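Subject: The structure I promised you

Hi,

Here is the structure we talked about. Have a look at it first, and my notes on what turned up follow below.

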Amino acid sequence: MFEATTHETPKVGTREDRWWQGAVIYQIYPRSFLDTNGDGVGDLPGIERRLDHVAELGADAVWISPFMRSPMKDYGYDVADYCDVDPLFGTMSDFDRVREKAHALGLKLLIDLVFSHTSDRHPWFAESRASRDDPKADWYVWADARPDGSPPNNWLSHFGGSAWTWDPRRRQYYLHNFLVEQPQLNLWSDEVLAAVLDVARFWLDRGVDGFRLDAIDVAIHDRHLRDNPPRPQGLLHLGGPPATPFSMQVQLYNKARPELSDRVLKPLWQLTDEYHARMLLGELGSDIGLQRAAEHSAGGGLDIAYTFDILQPNPTARVIREILERAENAIGGGWMCWSLSNHDVVRAVTRFARGQPPTEALRRLIPVMLCCLRGTVCLYQGDELGLEEADLAFEDLHDPFGITFWPAFKGRDGCRTPMPWRGDGPTGGFTESRPWLPLPASHLERAVDRQAADPGSVLNHTRAFLHWRRTQPALVTGSKHFLDVGHDDVVALERTEGGTRLLTLFNLAAEPVDLRLPYAVEDSGCPCQPDQPTGDTIRLGGHGFAILRARGV
Ligand code: BGC
């Protein structure tokens, strides 16, 4: 454990500086960003070296997925020491340099905190499992077997099988919502809560601007350990059992508990409020994610809520509209965070292409559509290049989730392949040795250096768009209103702020559509816009879009 060091003078804050509202957060998956020491795995010095790329792109902040000490069973989401950097990624001094460089470039820095569980190698777990009388005996969720020896209830792990594993030392089961090696912390314990608050303070003192709270909706479980009900037939798996049985239950008792807010989120919020301009972004992934997002981000202890609703496997314009509308109706005074890709789901370009080869127009549309949504947005590394999901062989897989459910579910490695920085070599300038996951040839063609040299590339297009977006308060914090433009494949949103009303139109089909505009419009000045109106109509090309200003408003 490192001593906490104060790098920036903490000031009492009361959330007057809500820099995150409407911000573009660039997500870095550290294993796959840039390797500087030749071990085939990305590292913190690699992030420091390439932060210019993020600043040039026009992002406001970076979120770095976990880089703390970990046995890497879940690639960093299994933490063995919250206050130390894993040697694979570098040292605490490397982290300090990342923070200094980010701040020098005007980027805010968010880190991932995984408070719902630790690694089974965390010393806390070693103590907790040692005996039922240990001082840390109740730091994890332990329960006796049922009389027939089976687990205490029917809860299932996200990654397959029962959420309970038998421990021969204590002769009890322990709870793990993910891997067996990720025992669930018991945040009902005051001591555990105090310990995680200390961890948060450590990083706040080290100058981070906020936290992404990983899987925070499983942080509190039902104290009576009641069984989850089965999911009503037909609700999710009309075609028979899904690839993983997890979705056959409604996670009523191990997830999205109403007690989370008072018990965990509010104390964390109060802690961050002792500092100036810090924030909490919470990952919520349940059936009632949008409801909880609204409750938690409107005074319930989060500043922003991130749900999985929009990360649909088969997105259509109708589905996207429905989700956005539901969110808008639910959110009230809260604040959403949207992303179309991340390190857990198939890349957006591939999902939106719906089984067809992705078009260039689609690759350009994705970052623009994302950054026109009302809320904060997270742009995942590689989305600015229009990368599609990598198609990996079973032998290449690392993700235990994919290895268990292959081939019905291929896991999450296909969205985690290394960033292609240069197009002239097999490892894309990511590493001088063998990358931990292969880079597909199609990604090399889309490498940063190639796209930087091409004025029409997705990268240059995204850069131009993000810099222009900053000058448009309507797109950053403006209100949102849906329009029915009479076409099923089109998402039409109006964003309004002060005297400006912007009409944003996105054609999610590969074929062109002709639309009648709802009112008179003029050029908004949006760069790289593929489609322009003719009189009161507009033809949007396949995957085309337009951002237009309402005339006379
Ligand atoms: C992270 C995953 C991780 C899981 C368990 C999440 O939702 O995004 O990558 O496997 O939490 O920590």
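Let's start with strands E1 and E2: E2 covers residues 61-64, and 4 bridges join it to E1 in a parallel arrangement. Before you zoom in, keep in mind that this is a predicted model. Between the two strands you'll find helix H1 (residues 44-57), and E1, H1 and E2 together make a right-handed β-α-β unit.

E1 has another partner too. Strand E13 (residues 376-380) pairs with E1, again in the parallel sense and over 4 bridges. Gln-27 is a handy residue to click on here: its bridge partner in E2 is Trp-63, and its bridge partner in E13 is Tyr-380.

So how many residues of E1 (residues 24-28) are buried? The count is 5 of 5. Both faces of the strand are covered, with Val-24, Tyr-26 and Ile-28 on one side and Ile-25 and Gln-27 on the other.

Now the ligand, which is probably where you'll want to spend some time. There are 14 residues around it, and those that come nearest are Asp-74, Asp-214, Glu-283, His-343 and Asp-344. Sorted by class, the shell holds 7 charged, 4 nonpolar and 3 polar residues.

Three of the aspartates are worth displaying with distances:

- Asp-74 has a polar side-chain atom 2.5 Å from an oxygen atom of the ligand.
- Asp-344 has a side-chain N or O atom that is also 2.5 Å from an oxygen atom of the ligand.
- For Asp-214, the distance from a side-chain N or O atom to an oxygen atom of the ligand is 2.8 Å.

How much of the ligand's own accessible area does the protein cover? The figure is 95% of 310 Å².

Next, some backbone oddities. As a rule, most peptide bonds are trans, and most residues other than glycine have a negative phi. Here are three places to check against that.

The peptide bond between Trp-406 and Pro-407 is cis, with omega at about -5°. You'll find Pro-407 in the loop between helix H10 (400-405) and helix H11 (441-444).

Arg-354 is not a glycine, yet its phi is positive, near 45°. This residue sits in the loop between helix H8 (348-353) and helix H9 (360-370). Its relative accessibility is 38%, so Arg-354 counts as partly exposed.

His-543 also has a positive phi without being a glycine, this time about 55°. Look for His-543 in the loop between strand E20 (537-540) and strand E21 (545-550). Is His-543 buried or exposed? With a relative accessibility of 6%, His-543 counts as buried, because the cut-off for that is under 20%.

Last stop is a small side trip to another sheet. This one is open, has 3 strands in the order E6-E8-E7, and its pairing is antiparallel. Strand E6 (142-143) and strand E7 (164-167) stand at the edges with a single partner strand each, so one side of each has no neighbour in the sheet. E7 pairs with strand E8 (residues 172-175) over 4 bridges, in the antiparallel sense. To find that pairing on screen, pick Trp-166, which stands opposite Tyr-173 in E8.

That's the tour. Shout if anything looks odd when you open the file.

Cheers

Technical notes. Residues are numbered from 1 along each chain as its sequence is written. This is a predicted model: local features need pLDDT of at least 70, side-chain atom pairs count only at pLDDT 80 or more; totals for chains, interfaces and linings use all residues. Side-chain values use heavy atoms; hydrogens and water are left out. Buried means under 20% relative accessible area, exposed over 50%, partly exposed in between (1.4 Å probe, protein chains only). Two strands pair if DSSP finds at least two bridges between them. A crossover is right-handed if, with the strands pointing away from the viewer, the path from the first strand over the helix to the second runs clockwise. A residue is near a molecule or strand if one of its heavy atoms lies within 4 Å of it. A polar contact is a pair of N or O atoms within 3.5 Å; within protein, one must be able to donate a hydrogen and the other to accept it, and residues adjacent in sequence count only if both atoms are side-chain atoms. Accessible areas come from the Shrake-Rupley method with a 1.4 Å probe; for residues, only the protein chains shown count as cover. Ala, Val, Leu, Ile, Met, Phe, Trp, Tyr, Cys and Pro count as nonpolar, Asp, Glu, Lys and Arg as charged, and the others, Gly among them, as polar.
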